[in-house]
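Subject: Structure handover

Hello,

Please find the structure below, with its sequence. My notes on it follow.

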Amino acid sequence: MKSPLPRRLPAALLGMIAIAVAVALVLVFSIAKDVQQINRQGDAALFEQLTENIHAGKGAVSNVFANTQNFIDKGYVANPTGELIGKDLEPPSVGERNMLRFHAYYILFLIAPFLAFVQSSLLLTLAQSFCYFGLIVSVAALAFRETRSLWAALLLSALVLVNSNWLGGLLGQFYPDRLFVLAGFLVCWLSWKRGFSLVLVLMALLTAAINERAALIAGIAIIGCAMSREEVSLTRIRTWPWKIMVLGGVMLAYAYLEKTYGLDNLYYGGGYLPKSPGELVARLDNPDFQRNLGIFFANNAILMLLALPVPRLALLSLLVMMPNLIGNIGGAEKTGWLTHYHSYYFPVLAFAATAGASRLYAIWQQKFQRQTGIANGLISILIGASALLLYKVILQYDDGLPLKQAIAAAQNNFSDWRYGRPTGYAIRSEAKSMFAAGAQVQTTESGMALLHDHVRISVFPVAAEQADALFIPCDWLHQGPPGYTHPPAEFDHWLRLKGFDVSHANMLRAISYCAVHRLRPEPRRGQSPVAG
């Protein structure tokens, strides 16, 4: 009797190769992305600072979060910066704000210890890249397990990879929500193919630690995937996987309790989802809303179609898409591929598409009685033609396709190192050298990402008189901020009235930002000026 080991060896070897390649890609891409530094914004600054403070034992508090969220809550964000000049703007009531009262990002407590080995910006980039490349490996693993076809595994993982959700999420700023891209897929797989197990429970707990929204979608997905198993009959209650469903129910209960009693989040007050059928109809009648819906469906069409052979999973993926379909936060929920708003439905859709395509492959393979060449050819023609049609449609609607951005980023990421130009790390060091440690600096989102671990951040121009210095685009000093309708000389005068030494602004040439410090008080007669 032959040992089964040799028969399993090729699959195991392929898996090891796939994982090794994915790990290498994660490392190369993460370093290339992080070395830029200047492409980071307020979200990156916020979560890097949170992680650093957790590691330092201060808890999940952030000076950046206190100031940026105050800027949003007070409605200042709706106005161009120039329109805020001269207005009485209220600063936050606290210097640091607890993020766990806003979203339950307990996952950061699991990430923070790794700061002992790597800086925060690279660590969070690695975590995000790991999840997105991990999704590709997981899609390929599930497809291969279901079809035993390397060709099918490669094709399905490629279809997920070129989706704007994957590319945009990989290129975007770190957000803990993006970790759900891998965790959500694995929760679906475990619920669909395995019985109730310790692995599933641990994976569910890890997913719930991402935040309350991850727990909500994971709870729905656990129940939906468990009820989509082949042996489950909707009309025979005895076939229902009750233990798994209870686990899903616990996840839903946690999400509800956390949202209701644990959080103080104004976003949960309403406005995103329509409050009435009439409001929904009004949204659907809006041309911009319709256009964004078209882009959304065009981008996800192939994956949605591939999910149809498993109708319950197709219905599940449509269910978790509904907040994006009928919600509205200005369009980012439908076409903002670089934002985190697509992180929750995408792994469920990718899982449903992989399961559905695997089922379709098995049906066709059986129909052609193991003539896999014919089956592969038919699937190749069908999916290839559909993909070409899909991207032709997307390019007509969406000129900012992340695929173009990904290619450009891949070409430019290492250019500074290669040609001996200053890297983002050098630029960040120079920015920090322009300010005393612990000074209160008013800046924009770009400045926050460069300075958050060196100074106390506030948002320009909220209570500018309290700041020690400004870090703003240099062209503002000559023409005023965007939306400023008065002569530029009046903005210059306003800065001087606030006590800033505009005449001696220092420029960071790499990004054309200027450090504007307060005027030093004139020494009294008979006193010598203090050096330094």
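I start at the end of one helix: α6 is followed by Arg148, a residue with a positive phi, near 60°. Please keep in mind throughout that this is a predicted model.

The helix before that residue, α6, has 28 residues. From its first C-alpha to its last it reaches 40 Å, close to the 40 Å expected at 1.5 Å a residue. α6 is mostly covered, with 22 of its 28 residues buried.

α6 also takes part in the second largest pocket. The volume of this pocket is about 720 Å³. Its lining is made up of 29 residues, and those nearest the centre are Gly15, Ala18, Ile19, Val137 and Ala140. Three elements give two or more residues to that lining: α1 (5-34), α6 (120-147) and α7 (150-161). Which of them gives the largest share of the lining? It is α1, with 12 residues. By type, the lining of the second largest pocket divides into 24 nonpolar, 3 polar and 2 charged residues.

The next helix to look at is α14, residues 287-306. α14 has 20 residues and reaches 29 Å from first C-alpha to last, close to the 28 Å expected at 1.5 Å a residue. Where is the kink in α14 centred? It is centred on Asn300, and the angle is about 55°. Asn300 is also among the buried residues of α14, which include Phe289, Asn292, Phe296, Asn299, Ile302, Leu303 and Leu306. In an α-helix, residues three or four places apart point the same way, because there are 3.6 residues a turn. In that light, the buried residues Phe289, Asn292, Leu293 and Phe296 are worth finding on the display. At the N-terminal end, α14 is capped by Asn286. A side-chain oxygen of Asn286 lies 2.8 Å from the backbone nitrogen of Asp288.

Some backbone geometry comes next. Most residues other than glycine have a negative phi, and most peptide bonds are trans. The loop between β4 (456-459) and β5 (469-473) holds Pro461, and the peptide bond from Phe460 to Pro461 is cis, with omega near 5°. Ala463 lies in the loop between β4 and β5 as well. Ala463 is not a glycine, yet its phi is positive, about 50°. Is Ala463 buried or exposed? Its relative accessible area is 6%, so Ala463 is buried.

Ser512 is another non-glycine residue with a positive phi, in this case about 55°. Ser512 sits in the loop between β6 (506-508) and β7 (513-517). With 39% relative accessibility, Ser512 counts as partly exposed.

Finally, here are some pairs that are separated along the chain, with their distances in space.

- Phe71 and Val462 are 391 residues apart in sequence, while their C-alpha atoms are 8.1 Å apart. Phe71 belongs to helix α3 (residues 63-73), and at 12% relative accessibility it counts as buried.
- Thr339 and Asn165 are 174 residues apart in sequence and 9.1 Å apart in space, C-alpha to C-alpha. Thr339 is in the loop between α16 (332-335) and α17 (346-367). Its relative accessibility is 25%, so Thr339 counts as partly exposed.
- Pro274 and Ile326 are 52 residues apart along the chain, and 7.2 Å separates their C-alpha atoms. Pro274 is found in the loop between α12 (242-262) and α13 (277-285). How does Pro274 count at 19% relative accessibility? Pro274 counts as buried, because the cut-off for buried is under 20%.

If you want places to begin, try the kink centred on Asn300, the cis peptide bond from Phe460 to Pro461, and the pocket lining around Gly15, Ala18, Ile19, Val137 and Ala140.

Regards

Technical notes
Residues are numbered from 1 along each chain as its sequence is written. This is a predicted model: local features need pLDDT of at least 70, side-chain atom pairs count only at pLDDT 80 or more; totals for chains, interfaces and linings use all residues. Side-chain values use heavy atoms; hydrogens and water are left out. On a 1 Å grid over the protein atoms alone, a cavity is a set of points where a 1.4 Å probe fits but cannot get out, and a pocket is an open set with protein on both sides within 12 Å along at least five of seven lines; lining residues have an atom within 4 Å of a point. Grid points are joined across faces, edges and corners, and a volume is the space filled by probe spheres set on the points. Helices (H or I, at least four residues) and strands (E, at least two) are DSSP runs, numbered from the N terminus. Ala, Val, Leu, Ile, Met, Phe, Trp, Tyr, Cys and Pro count as nonpolar, Asp, Glu, Lys and Arg as charged, and the others, Gly among them, as polar. The expected span of a helix is 1.5 Å times one less than its number of residues. The bend at a residue is the angle between axes fitted to the seven residues ending there and the seven starting there. Buried means under 20% relative accessible area, exposed over 50%, partly exposed in between (1.4 Å probe, protein chains only). A polar contact is a pair of N or O atoms within 3.5 Å; within protein, one must be able to donate a hydrogen and the other to accept it, and residues adjacent in sequence count only if both atoms are side-chain atoms.
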